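The exercises below ask the reader to work through a structure step by step, with each task followed by its solution. Please keep the sequence and the model in view while reading.

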Amino acid sequence: MTEVTVHSKVCGFTHKVRGKMEGDKIIIDIDTPCEKVKKMSHMEVPMMDLFDIKDNYVMQKAQEAKCSVTCLVPCAVLHVCCLEAGLLSKSLVENLGSVSIEF
C-alpha cells in the first residue's frame, strides 16, 4: 500500500491518495473535501495505462470529473501508481520526502 498527501494550497484542499496493486490494476482511493476530486476517488487503474500522459485512465477520469488543469491530484495518483507498480523507487521517494512547485 502506498499513501501520499497532496497539499493543494492554491485551492485550499488537502487530499490523501492511497493505492494498492491488485493483479494488473492499481486500486486508488482518495480522501478529499473537493467535490470534483471525489468523482474520481475510487479507480481501478490498468497498469498498461501508466505509460502515456495523454491517453491514460487517470487523466481520462480527471477530465470526466472536470478537474482544473492545475489540479495536483492526477499527478499524485500517477506517482502512487508508479510506486505500486515498481516503476518508481519507494526508497528514493521516501528519502526525498516531498515534491513541490514553488512560486
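**Exercise 1: a helix and its buried face**

Task: In this predicted model, state which residues of α2 are buried and how they are arranged about the axis of the helix.

Solution: Begin with burial, for which the cut-off is under 20% relative accessible area; in α2, the residues Tyr 57, Val 58 and Ala 62 are buried. Viewed down the axis of α2, these buried residues fall within an arc of 135 degrees, so they line one face of the helix. Turn next to what this face meets: the buried residues of α2 pack against β4 and α3. Finish with the two ends, where a side-chain oxygen of Asn 56 comes within 3.0 Å of the backbone nitrogen of Val 58 at the start of α2, while Lys 66, just after α2, has a positive phi of about 65 degrees.

**Exercise 2: the nonpolar core**

Task: Identify the members of the largest nonpolar core that touch the most other members, and say which element gives the most to this core.

Solution: The largest nonpolar core has 23 residues, of which Val 17, Ile 28, Ile 30, Met 43, Val 45 and Val 77 touch the most other members. At least two residues of this core come from each of β3 (25-31), β4 (42-46), α2 (57-64) and α3 (73-84), and α3 gives the most, with 6 residues. As a last step, take Met 43: leaving aside neighbours within four places in sequence, Met 43 is in contact with residues including Ile 28, Tyr 57, Val 58 and Val 77.

Technical notes:
Residues are numbered from 1 along each chain as its sequence is written. This is a predicted model: local features need pLDDT of at least 70, side-chain atom pairs count only at pLDDT 80 or more; totals for chains, interfaces and linings use all residues. Side-chain values use heavy atoms; hydrogens and water are left out. A nonpolar core is a set of buried Ala, Val, Leu, Ile, Met, Phe, Trp, Tyr and Cys residues joined through side-chain atoms within 4.5 Å. Buried means under 20% relative accessible area, exposed over 50%, partly exposed in between (1.4 Å probe, protein chains only). Helices (H or I, at least four residues) and strands (E, at least two) are DSSP runs, numbered from the N terminus. Contact means heavy atoms within 4.5 Å. The arc is that of the directions from the helix axis to the C-beta atoms. A polar contact is a pair of N or O atoms within 3.5 Å; within protein, one must be able to donate a hydrogen and the other to accept it, and residues adjacent in sequence count only if both atoms are side-chain atoms.
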